[in-house]
Amino acid sequence: MISTHDHKNLYTLSKYIKESFTHSEERLRPAARKKKNGCSEGSHQSHHPHIPPPLHPLLQQQQQQQHDLRSLFEIRDFWGPPLSTLWNSSNHYCSWPGIQCSSSSSSSSVIALSFSNLNITSTSIPPSLCRLPHLCSLDLSWNYLGGRFPTTLYNCTNLKDLNLSQNLFVGPIPTDADRLSPKLTLLDLSSNNFSGSIPASLARLTSLVSLTLHANLLDGAIADLGNLTNLETFTLAYNSFPPHPFPDWIGRLSSLKDLWLRSTNLVGPIPASLGRLSSLEAFDANMNGLTGPIPGAVWRMRSLKHLSLYKNRLSGAIDGSVNFPNLTTIDLSLNDLSGPIPPAFGGFRNLQSIAMFNNHLSGPIPDGIGRLPLLFDVRLFNNNLSGPLPPDLGRYSKLWNLELSNNTLSGEIPKNLCFGRKLEAIVLFNNRMSGPLPGSLASCETLVSIQIYDNGFSGPIPRGIWSLPALETVMISKNSFSGALPDAMPAALTRLNIDNNDFSGPLPSSLATSSRGLHLSDNGLSGHIPASIGSLPVLTDLDLSKNELFGEIPPQIANLKLTFLNLSSDSLSGSVAVTLQNSAYEQSFLSNPGLCGGPIISLPSCRGGLGSGDSSKGFSSPLIIMMLALAGAVGAGASVFVVFALREFHRRRGLGGSISWKLTSSYSLDFTEASIVSGLTEKKLCSNRDAYIEKEFQSEIDVLGRIRHANIVKLLCCISSDDVRLLVYEYMENGGLDWPTRLRVAVDSAQGLSYMHHDYVPPVVHRDFKSSNVLLDADFMARIVDFGLVRMLARPGEPGTVTAGFAGSFGYMAPGGYPNLHSFPPDFF
C-alpha cells in the first residue's frame, strides 16, 4: 500500500521530470558510461507515433520512473525494517542507500540493488524486485533469507549479477535453474545450506563468468559443466560430496582462472587434462584424498600464481622441469612427495611463500631460494633435507618465518637472516647444525621465537638477544652453548628452555612475570635460587635440576601453582616447605644431601618434626572433605553400605594398627595428609572394592584434578588408603541470597556448565545439577561441585544402573540423560 507520503514522493518525482523539459535536446542523448556491476547501459526508448518529439522520451522517462518508485515502495513494505527507515526520504530514490541508477542523462532507471548485511529476515523474495525492468545486479548477501531457492528471480530477465551468499537457503539447486536470466554472468550461492546435486541446468547458463557454490551441504552428483567456456571462477569447496574422482571436464573450462575445490572429497589422481587450463592462476584442492604423482603438465602451467594441494596423499617427485614464472605461493604440505626440491624454484622471482612440510623430500635446499626478493615464509619441516642453509637466506627479502625443523640440515645459521628487519620465528630444532648464533640476531627486534634445540650449536649467546623486546620463546636445549646468563631476561619471555648446555654462573635475578616454563637443568649454574622466582604469577613448570645450586629453597616457591617441579641433583640444604611435601613432588628433591622434609618426598625427616606439620593443629585454609570409604565386597559382585566405615579405621589406629596414606595433589597445598586424617569422624559412607570401579574412580580423579575454571570448585587432592578414599575440595562459605545475587549465581552456574560441555576436553556432563551442588565463595561467586563420581558408586556387575560417561549422584538421572535420548546434554542452564 502506498502512503500519503509516498504519493507526495510521486508528485515530487513528476515535478522533477517536468522541470527537465527546459533542458536542451543535447541532454536527451545517452552518454557513454563505464559499466558497473556487470550492467551495460543504453537506450530502452522507442518513439510512439502519436507523440511528437522531443516530448516523447521525457514522458516515457516519467512513466518509467514512477513505475520504478512504486516497485521500490512495494519492496520496502514487503521486507519492512530496515528498508522502511532507509527508504523514507523525500530525496530522489536514486540517492537512497543500496540503489544504483543508470548514469545516463536521460534516464534514472534502477539498474542495481545491494541489500548486503542489512539483517533482512524472510523466507521469501518480493516479486516487485523483478518488476524493475532494467535491474541487472542484485546483491542479497549476508542476511537471514531462508526457504527454497527463490524461483521468483526467474522473472528478472535482464539480471547479470546475482549474489545470494551468506544466507539460510535450503533444499536443492533447481533442476530448471537455467530459467534464470540468460544474461547471467555471476551466480553466487555460497555459504548457504543448499543440498543435493549440482544440476545439469547450470551448464545451460553459458554466459556465466563466476559460479561460486562453496560452503553448502551439497552431497550428490556433480553434473558435467564443461561447456561453460566463459567461466573464470569456479568454487565447490567445503561441501559434503560422496567420494568422487577429480572431474575431467574441468579441463574444458578454457577461460578458468580460479579453481577452489578444497575439502570436496576428491579421490584418485589429478587428471592431466588440468594442464590445458592455460589461464589458471589459482588452484586449491587442499584436504582431499588425491593420490599418485602430480601430472607433468600441471608443473608447467605458466599462469599459475597460487598452488595449494595441502593434506592429500600425493606421491612421487617434483618435476624437474617445473616452470611457474608467476608463482607467489605454493603449499604441498602433508603429502608423500619425495626427491629433491628442483633448483628451478630459485628462479621464481615472485615467490613469497613456500610450504612443503611433512613430506619425504631430500637433498639440499637450492641456494637460489635464498636470493628470492619477495620471499617471507619458508616451511619445510619434517622432511629429509640435508646440507647447509642457503647462505643468502634473508639477505634479499624481508623474511618473516623460517621453519626447517626435523631434517638433517648442517652448517651454521646464515648471518643475514634478519637483514629485512621482519623476522619473527627461527625454528630449526632437531637437525645437525653447528657453530655460534650470528651476532646480527642481537639487533633483530621483531624476533618472537627461537627454537633451535637438539643441534650442535656452541659458544655464548649474543648479549643483545636477552634484551629483545618481542622475544617470547627461547628453546635452545641439547646444544653446547656456554657462558653466563644475563641478570634480567626479556620482558615478554614466556618459555625458557636451556637445559643440557654448558651455561655457568648464577641464575637471573629478574625474570619476566609472563614466564610459564623455566627449564634450566643439566648446566653448570651455581649460587642461590633467587626468591623472585616465587613471584612469577603464571609459572607452572620449573626445572633447575643437575646444576650446582646451593642454599635453601626460597619459601616463596611454595606460592607457585606448579604442575612440574624438579630441584634434584643440586646441593640444596635446609627444610622443604610443608606445602611442597606431598606426593606430587616426591621426585622433585632427590640427590640433595642437605635437604630434609619427610618420606613422602623421599627425604629424611627434619629434626624436631620440621616440615612434617603438626597434625593436631588442623590446616591453614578451610576445606570441605568428601569421604568415600571403600570396603570389601560382600558376595560375588555385590557392594554394601558401611554404616560406620571409619570406626574400623579408628579402632585400628587405637590398637596401634598401621595405615599407609597416599596423597595425590592437583594444586600446591599448605597442608599434609596428616592434617586431614587427624580430623576424621565417623560417617555413613558408601563402599565398593570392585577393581574396574576403582580404576574408573582414579581416572575420574585425574580428569577432575586438571579442570581450571572460575565457576568449578577446585578438587585440591585425593587422600587414599586400602580402605578409604577422601576427596578434599576448597571451602565455600556463603549461604542465603538476595534476588540480584541469585541471578548472578544462575549466570555463574551456567558459565561453569557451558565450560564443561563445550570447552573442556573431553566434555564432561554433570548429570546431577541442583542447588545443593552449587557452592558460593567469599565473594558470592558460584562454584559447581559433586560431579564425576558416578562410576565409583555404581553397583558392579549391574549394567544400566548408571550411564557410562555421565557423572552425578547415585540413583539419579536428569531429564535428557535417558538412553537413546542424547540429542542434548542432561544438564540445563
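**Notebook: contacts, cores and odd backbone spots**

I started at Phe-115 and listed its contacts, leaving aside neighbours within four places in sequence: Ile-75, Trp-79, Leu-83, Trp-87, Ile-120, Leu-129, Leu-138, Asp-139, Leu-140, Ser-141 and Asn-143. The model is a predicted one.

**Cores**

I then looked up a second, separate core, which has 11 residues, among them Trp-661, Ile-676, Ile-719 and Val-728. Back to the largest nonpolar core: I noted 159 residues there. Which residues have the most contacts inside it? They are Leu-113, Phe-115, Phe-345 and Phe-589, so Phe-115, my starting point, is on that list. I checked which elements give two or more residues to this core and found helix 2 (55-79), strand 1 (99-101), strand 2 (110-114) and strand 9 (193-198). Helix 2 supplies the largest share, 5 residues.

**Strand pairing**

I followed strand 9 next, since it is one of the elements listed for the core. Strand 9 runs parallel to strand 7, and 3 bridges join the two. I looked for a bridge partner of Val-170 and found Asn-193 in strand 9. Strand 7 (residues 168-172) also pairs with strand 5 (residues 144-147), again in the parallel sense, over 2 bridges. On that side I noted Gly-147 opposite Phe-169 of strand 7. I kept in mind that side chains in a regular strand alternate between the two faces of the sheet.

**Aromatic rings**

I searched the whole structure for aromatic pairs and got 17. For the pair Phe-376 and Trp-400, I read a distance of 6.1 Å between ring centres and an angle of 50° between the planes, so I entered the pair as tilted. Where do the two residues lie? Phe-376 is in the loop between strand 23 (360-363) and strand 24 (377-379), and Trp-400 is in the loop between strand 25 (384-387) and strand 26 (401-403). The pair therefore ties together parts that are 24 residues apart in sequence.

I checked whether these two rings are buried or exposed. Phe-376 has 31% relative accessibility and counts as partly exposed. Trp-400 has 35% and also counts as partly exposed. Both entries follow from the cut-offs, because partly exposed covers the range between under 20% (buried) and over 50% (exposed).

I also found a cluster linked by ring pairs: Phe-73, Trp-79, Trp-87, Trp-96 and Phe-115. Of these, Trp-79 and Trp-87 were already on my contact list for Phe-115.

**Charge over rings**

I looked at Arg-395 and entered two rings for it. Its charged end sits over the ring of Tyr-396, 5.5 Å from the centre. Arg-395 also lies over the face of Phe-419, at 4.1 Å from the ring centre.

**Backbone**

I checked the peptide bond from Pro-81 to Pro-82 and found it cis, with omega near 0°. Pro-82 is in the loop between helix 2 and helix 3 (83-86).

Which phi value does Lys-478 have? It is near 55°, a positive value in a residue other than glycine. Lys-478 is placed in the loop between strand 32 (473-475) and strand 33 (480-484), and at 46% relative accessibility Lys-478 counts as partly exposed.

I noted Asp-522 as well: its phi is positive, about 55°, although Asp-522 is not a glycine. Asp-522 lies in the loop between strand 36 (517-519) and strand 37 (524-527). With 29% relative accessibility, Asp-522 counts as partly exposed.

Technical notes:
Residues are numbered from 1 along each chain as its sequence is written. This is a predicted model: local features need pLDDT of at least 70, side-chain atom pairs count only at pLDDT 80 or more; totals for chains, interfaces and linings use all residues. Side-chain values use heavy atoms; hydrogens and water are left out. A nonpolar core is a set of buried Ala, Val, Leu, Ile, Met, Phe, Trp, Tyr and Cys residues joined through side-chain atoms within 4.5 Å. Buried means under 20% relative accessible area, exposed over 50%, partly exposed in between (1.4 Å probe, protein chains only). Helices (H or I, at least four residues) and strands (E, at least two) are DSSP runs, numbered from the N terminus. Contact means heavy atoms within 4.5 Å. Two strands pair if DSSP finds at least two bridges between them. Rings of Phe, Tyr and Trp (its six-membered ring) pair if their centres lie within 6.5 Å; planes under 30 degrees apart count as stacked, over 60 as edge-to-face and the rest as tilted. A charge sits over a ring if NZ of Lys or CZ of Arg is within 6 Å of the ring centre and within 35 degrees of the ring normal.
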